[in-house]
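Hi everyone, thanks for coming. Please have a look at the model on the screen, and then I'll walk you through the ligand, the empty space and the domains.

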Amino acid sequence: MPVVAIVGAQWGDEGKGRVVDMLAQQARMVVRFSGGDNAGHSVVNPHGEFKLHLIPSGIFDPGVVCIIGNGVAINPKVLIGEIDRLNERGVDTGQLFISDRAHLIMPYHLLLDGMEEEARGGKALGTTLKGVGPAFTDKAARLGVRAGDLLDKKALKERLGTVLEYKNVILAKVYGVKPLSLDEVYTQYCRYGERLAPHIRETTIMVDEALGRREMVILEGAQGALLDPDFGTYPYTTSSSPLAGGACLGAGLGPTKIDRVLGVYKAYCSRVGSGPMTTELKDETGDLIRERAHEYGTTTGRPRRCGWFDAVAARFSSRINGLTGAAVTRLDILDILPGLKICVGYELDGKTIDYFPASITELARCKPVYEELPGWQAPTTEIRSYEQLPLEARRYVTRLEELISCPVNLICVGPERAQAIEKAPIF
Ligand code: IMP
């Protein structure tokens with residue numbers, strides 16, 4: 001059975017959790033490979049309705065091993081809370097494992113995320129304030145504390161001593177706040193370590209063994225390609241790579257091991273946080289989509305900016321991810337609209353371009369060039385086969401396929417597992 005990376009192909013919130021939960025029924029392993037608890041994966045299944053931030057969306061199937069990979073920044077407090085809440089609702093987490101190489105979110109990361117955003121003033125990035133950016137900054141600066149450090153108290157104290165000395169200077173001298181106490185942070189993280197120890201281990205061996213047994217492995221992304229720090233709308237991006245390439249680095253397997261890359265696109269666009277969004281609708285259609293789809297952040301509750309499907313950005317995302325297929329989610333949200341628009345090009349300083357500019361000042365000047373398609377104005381939530389979709393809905397989907405240059409495998413018409421249409425097999 002193959003290895004499939006499931007990645008967000010827009011600005012996050014495309015419904016990756018929902019797609020992973022559905023496909024995990026065929027899998028034996030799900031590895032979350034990037035981000036932190038800035039992500040919020042909503043899942044509705046026979047166990048109930050859940051919002052996962054760190055735990056892979058395959059956790060509901062007892063036959064599936066779930067790994068939080070080395071590429072994830074983990075806030076241990078949030079993780080323990082998430083484990084407890086799942087257990088209270090009868091979901092077993094005995095098969096949840098944490099890479100000993102995963103970096104931890106520390107109390108100073110949370111403080112710094114807030115104070116750095118405040119210092120940016122009108123140029124704030126609109127982060128989720130979960131400390132994820134500062135944690136990945138420390139990873140690159142070689143100042144991180146990793147999950148494996150929790151297993152050795154003596155080494156943890158030494159490590160924390162070195163790092164806190166440096167961080168406290170920044171907290172006190174740059175931001176004028178009270179330094180953190182080494183003893184308090186140490187005691188708190190020792191407690192987290194005791195609780196999480198049974199889950200922490202070398203996980204690349206587990207992944208390799210699953211590959212050796214030819215089991216189906218899902219690599220679950222977080223956020224979306226347009227928030228990638230290299231290819232997204234930098235600096236209005238996140239801080240770890242949501243791309244299929246990031247799946248190799250964040251799960252600990254080589255690119256030759258990935259058989260399929262499934263990009264998850266919403267049937268329209270949404271974005272939370274700052275930065276350019278060419279197809280944003282600041283009118284009643286945007287409000288209608290937001291309210292109908294309840295487009296409010298799973299992690300922060302912030303209203304999401306909504307707009308038409310941006311095929312220029314979508315094609316770029318397909319290319320840099322090497323997508324072999326796509327899932328189009330939330331098609332049912334468009335059911336009531338009389339007409340639909342797809343952005344097929346950008347007008348930049350009087351010229352039409354068909355690429356996604358690197359510069360956000362250029363992107364902010366881009367005006368969408370739209371193609372209009374008729375809506376279907378009929379409910380699709382009960383439809384389970386592609387042929388039964390209204391003709392206009394099929395035309396919309398096939399036009400998206402043409403524009404993003406990749407086949408659509410799956411169409412979602414509601415949050416529940418069954419509310420999906422297989423257009424073409426993924427494998
Ligand atoms: P950070 O990842 O919290 O540092 O936030 C950086 C940017 O990424 C902000 O615009 C956030 O709104 C956005 N972001 C981070 N995580 C997600 C997510 O899971 N979905 C959508 N946007 C996200």
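Let's start at the ligand: 15 residues surround it, and Asn 38, Thr 128, Gln 223, Thr 238 and Val 272 come nearest. Here, near means that one of a residue's heavy atoms lies within 4 Å. Before going on, please note that this is a predicted model, where local features need pLDDT of at least 70 and side-chain atom pairs count only at pLDDT 80 or more, while totals for chains, interfaces and linings use all residues. Residues are numbered from 1 along each chain as its sequence is written, and side-chain values use heavy atoms, with hydrogens and water left out.

By type, this shell has five nonpolar, eight polar and two charged residues. In that count Ala, Val, Leu, Ile, Met, Phe, Trp, Tyr, Cys and Pro are nonpolar, Asp, Glu, Lys and Arg are charged, and the others, Gly among them, are polar.

Which atoms face the ligand's oxygens? A polar side-chain atom of Thr 238 lies 2.6 Å from a ligand oxygen. A polar backbone atom of Val 272 is 3.0 Å from a ligand oxygen, and for Gly 126 a backbone N or O atom lies 3.3 Å from one. Taken alone, the ligand exposes 460 Å², and the protein buries 96% of that (accessible areas by Shrake-Rupley with a 1.4 Å probe).

Finally, the domains, whose bounds come from an automatic or database assignment. Domain 1 covers 3-99 + 201-260, domain 2 covers 103-196 and domain 3 covers 266-422. Taken over C-alpha atoms, the centres of domain 1 and domain 2 are 23 Å apart. Their contact (heavy atoms within 4.5 Å) takes 22 residues from domain 1 and 19 residues from domain 2.

Conventions: A polar contact is a pair of N or O atoms within 3.5 Å; within protein, one must be able to donate a hydrogen and the other to accept it, and residues adjacent in sequence count only if both atoms are side-chain atoms.
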